[in-house]
Amino acid sequence: MYLDINVGASKHDQDHDRKHVNDVAQRLRDLNNKLEEIRREQQYQREREADFRNLSEATNARAAWYTVFQIVVLLATCAWQMRHLTRFFEDRKVR
């Protein structure tokens, strides 16, 4: 087994430190850009979801009103048929 120990002051490698700091800063900028992109995508998805929800609610409201309209038409048709048949049979009975 061999152990080599250097004792004393050594020259600090500032270029290596600067490069490391620049690399870390660049990675941090990249992460910030990705984070901003993710936030924009989330906002876009929220807007799309809100638009789709509004469209779904409007469609459901129209479907409900269409059902009410069908019931009104059905009741009006029933009333007209009852009136028409009543008059028809009253006219037949009179003669």
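I looked first at the nonpolar surface patch: Leu3, Ile5 and Val7 form it, with about 390 Å² of accessible area together. Patch members have over 30% relative accessible area and no salt bridge, with like charges joined within 9 Å and nonpolar side chains (Val, Leu, Ile, Met, Phe, Trp, Tyr) within 5 Å. A salt bridge is a side-chain nitrogen of Lys or Arg within 4 Å of a carboxyl oxygen of Asp or Glu. Areas are Shrake-Rupley values with a 1.4 Å probe, and for residues only the protein chains shown count as cover.

I note that this is a predicted model, where local features need pLDDT of at least 70, side-chain atom pairs need pLDDT 80 or more, and totals for chains, interfaces and linings use all residues. Residues are numbered from 1 along each chain as its sequence is written, and side-chain values use heavy atoms, without hydrogens and water.

I placed Val7 in the segment before helix H1 (14-94). Val7 is exposed at 80% relative accessible area (buried is under 20%, exposed over 50%, partly exposed in between; 1.4 Å probe, protein chains only).

I found one helix and zero strands in the protein (DSSP runs, H or I of at least four residues for helices, E of at least two for strands, numbered from the N terminus).

I checked Phe89, which sits in helix H1 and is exposed at 54%. Phe89 and Arg18 are 71 residues apart in sequence and 105 Å apart in space, C-alpha to C-alpha.

I looked up the overall extent: the C-alpha atoms fill a box of roughly 135 × 30 × 10 Å along the principal axes. Of the 95 residues, 0% count as buried.
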